[in-house]
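Let's take a walk through this model together. Please have the sequence and the 3D view open as you read.

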Amino acid sequence: MQEGTGVKKSSTSSTTTVGLDLSDKISTFVVLDRGGKVIEEGKVRTTASALGQQFSGAPRRIAIETGCHSRWVNRQLKDLGHEVIVANPRQLDLISKSYRKSDREDALLLARLARLDPALLRPVHHRSEEVHTDLALLRSRDALVGARTALINHVRGTVKSTGARLPACSSASFHLKVAGHIPVALKRSLGPVLDSIKALTAQIRGVDKEVLQLLKKHPAARALAEQVHGVGVLTALAFVLTIEDNARFAKSREVGAYLGLTRKRRQSGESEPELHITKAGDPFLRRLLVQCAHYILGPFGQQSDLRRWGLSLAGRLGRKRAIIAVARKLAVLLHRLWTTGEVYEPLRQPAAQAAA
């Protein structure tokens, strides 16, 4: 899902506003009239048939929160002719931090905010089904890699606790390289784990082939991966699929804030403390960009204005802050290249100017 850049006025003149608090099995709704008076409330099963029956009829403005069910509910309610506002839960402290929190109160607050000013909900829009499916493939690969890493760490930790050590090797070759180094006493307990690692490696290899096929569908991602050293296929695809529409941002620098790579701000009078980054954006893409920043500033990073700038920043402010700054600047660079179609020139500035 993506945060919207504004709220479009409804083409319908709905006289009622609905707050719908979605839950896994039973959802709660509250209906307000034009004056803000509660005229109906109740519960409805969170199924397509039940929601279709409950909300058939005249067009309404309906506010829901993002969540597991928000994608298909949003699509169904729009197909029924309603104006649907998908609220960003990060902006709803009135709900999440309420001392009288309940499903009914949540639905009521959604309805009141949607009736007064939908922009207060910081609406988000869901990605297209095709893009959502493609992005799910990348996330599934990430889940498989995470599971394999956890199992590898388990094997290494178990063997190390006996005083032995396993040889260093890549994750892809782990099940092959360490099989002969497992202590005899642990073969019975760790054998099934090695079999699982082997199976996961084969599955990851198969998913990687499908990921490469996605590049044919998304040429913009292919261009980014080929041009920017340190940005691989996964990061380029995740960037294009997460953003989906590069025209959503008036300026490329806005992408850093969208991905949660800018600092929080809490200004009060003359006080404005330095805070951590917001982490408000997509955590999967943010992690990939941070990994790219580590590579760019690492020993194998290619010389570029971005690397020089990052190393200079690391010398002044420390490596950790430099990594985040490079990740943010990399996101801006990728959006700029995608939007303009320019050919990337890694070294455009003199060394002294790039480090400034």
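The paragraphs below visit a strand residue, a cavity and two loop residues.

This is a predicted model, in which local features need pLDDT of at least 70, side-chain atom pairs count only at pLDDT 80 or more, and totals for chains, interfaces and linings use all residues. Residues are numbered from 1 along each chain as its sequence is written, and side-chain values use heavy atoms, with hydrogens and water left out.

Start at Thr17, which belongs to strand 2 (residues 17-21); strands are DSSP runs of E with at least two residues, helices are runs of H or I with at least four, and both are numbered from the N terminus. Thr17 counts as buried because its relative accessibility is 7%, where buried means under 20% relative accessible area, exposed over 50%, and partly exposed in between (1.4 Å probe, protein chains only). Beyond its neighbours within four places in sequence, Thr17 has contacts that include Val30, Leu32, Arg61 and Ala111, a contact being heavy atoms within 4.5 Å.

Next, look at the loops. Arg122 sits between helix 4 (103-116) and strand 7 (124-125), and Glu244 sits between helix 9 (233-243) and helix 10 (254-258). Most residues other than glycine have a negative phi. Arg122, however, has a positive phi of about 45 degrees, and the phi of Glu244 is also positive, near 65 degrees. Arg122 counts as partly exposed because its relative accessibility is 37%; Glu244 is likewise partly exposed, at 27%.Last comes the cavity: the whole structure holds one of 30 Å³ or more, a cavity being a set of points on a 1 Å grid over the protein atoms alone where a 1.4 Å probe fits but cannot get out.

Key:
On a 1 Å grid over the protein atoms alone, a cavity is a set of points where a 1.4 Å probe fits but cannot get out, and a pocket is an open set with protein on both sides within 12 Å along at least five of seven lines; lining residues have an atom within 4 Å of a point. Grid points are joined across faces, edges and corners, and a volume is the space filled by probe spheres set on the points.
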